[in-house]
Amino acid sequence: MDNRKYPIGPFVIQETYSPGELAQIIHRIETIPAEYRRLVENLSPDDLAKTYREGSWTVRQLVHHVADIQLLHYLRMKKALTEPDYSEATMIDMNAWAGTADATTAPVDDSLLLFEGAHRRYAYLARSLDEKALAIRYNHPVRKIQFTQAQALAISVWHAEHHLAHIKLALSTI
């Protein structure tokens, strides 16, 4: 069951990230939306309704979820960089969001466009961060951890890769 829940393993936080590691993370932010597009843009309604394990979200819901959360990651970074009193991560009820009409029935292309655009901006902003900006922290109340911006970038990439693996499981391509 765990290999279906966490097909790439759980997120493992590092205290610091080297410039090379950060460059790889940012490159992944730039490239992963295209992988989603290649994988899901031509799926049938039946394929979009598949799940990776009993009780999980559908492929359609996963695509919409990833677009939503990746946009949220970008928003958190902008808030942390621009609001000195931003100390706690903006949170949402992911399950409730996954149950809304736009997550259950909207075309996935809408979220692919959102994901692609947000990630272009996200990568651009991430590249502009110096050491001081990368060290800005905020609390994540669910994970009960203080994230630096570098760590937030890393978990954002993990999140996108985690759900990409879920979609591949649902489609039986891994």
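What follows is a friendly talk between a colleague and a modeller about a predicted model.

Colleague: Let's start with the salt bridges. How do you know that glutamate 35 forms a salt bridge with arginine 28?

Modeller: The closest N and O atoms of glutamate 35 and arginine 28 are 2.4 Å apart. A salt bridge calls for a side-chain nitrogen of Lys or Arg within 4 Å of a carboxyl oxygen of Asp or Glu, so the pair qualifies.

Colleague: And why is arginine 28 called buried, while glutamate 35 counts as partly exposed?

Modeller: Arginine 28 has a relative accessible area of 18%, and buried means under 20%, so the word fits. Glutamate 35 has 23% relative accessibility. Partly exposed covers the range between 20% and 50%, so glutamate 35 belongs there.

Colleague: What makes arginine 37 and glutamate 41 a salt bridge, and is each of them buried or partly exposed?

Modeller: Their closest N and O atoms are 3.3 Å apart, and the cut-off is 4 Å, so they count as a salt bridge. Arginine 37, at 16% relative accessibility, is under the 20% limit and is therefore buried. Glutamate 41 has a relative accessible area of 40%, so partly exposed is the right term. The pair also belongs to something wider: Arg37, Glu41, Asp109 and Glu116 are linked in a network of salt bridges.

Colleague: What about glutamate 83 and lysine 79?

Modeller: Their side chains meet in a salt bridge at 3.1 Å, N to O. Both partners are partly exposed: glutamate 83 has a relative accessible area of 29%, and lysine 79 has 22%. How many are there in the whole structure? The search finds nine salt bridges.

Colleague: On to the backbone. What makes phi of lysine 144 worth a remark?

Modeller: Phi of lysine 144 is near 55°, a positive value in a residue other than glycine. Most residues other than glycine have a negative phi. Lysine 144 lies in the loop between E1 and strand E2 (145–148).

Colleague: Why does lysine 144 count as exposed?

Modeller: Lysine 144 has 70% relative accessibility, and exposed means over 50%, so the label holds.

Colleague: Now the pockets. What do you know about the lining of the largest pocket?

Modeller: The largest pocket has a volume of about 790 Å³ and is lined by 29 residues, of which His65, Met94, Arg143, His159 and His163 lie nearest its centre. Helix H4 (59–82), helix H5 (94–98), strand E1 (137–140) and helix H9 (149–170) each give two or more residues to that lining. H9 gives the most, with six residues. By class, the lining has 15 nonpolar, 10 polar and four charged residues.

Colleague: And the cavity: which residues line the largest one?

Modeller: Gln61, His64, His65, Asp68, Met94, Trp97, Ala98 and Ala103 do. About 40 Å³ of space lies in that cavity, and the structure holds one cavity of 30 Å³ or more. H4 supplies the largest share of the lining, four residues.

Colleague: How do you know that the lining has one charged residue?

Modeller: Asp, Glu, Lys and Arg count as charged, and the list of lining residues includes Asp68, so Asp68 is that residue. The others divide into four nonpolar and three polar.

Colleague: Last one: what does UniProt place at residues 29–167?

Modeller: The UniProt record, an unreviewed entry, gives "domain: DinB-like" there. In this model the span is 67% helix and 6% strand, and its end C-alpha atoms lie 18 Å apart.

How values were computed: Residues are numbered from 1 along each chain as its sequence is written. This is a predicted model: local features need pLDDT of at least 70, side-chain atom pairs count only at pLDDT 80 or more; totals for chains, interfaces and linings use all residues. Side-chain values use heavy atoms; hydrogens and water are left out. On a 1 Å grid over the protein atoms alone, a cavity is a set of points where a 1.4 Å probe fits but cannot get out, and a pocket is an open set with protein on both sides within 12 Å along at least five of seven lines; lining residues have an atom within 4 Å of a point. Grid points are joined across faces, edges and corners, and a volume is the space filled by probe spheres set on the points. Buried means under 20% relative accessible area, exposed over 50%, partly exposed in between (1.4 Å probe, protein chains only). UniProt positions are given in the numbering used here, feature names are shortened, and annotations may be inferred rather than shown by experiment.
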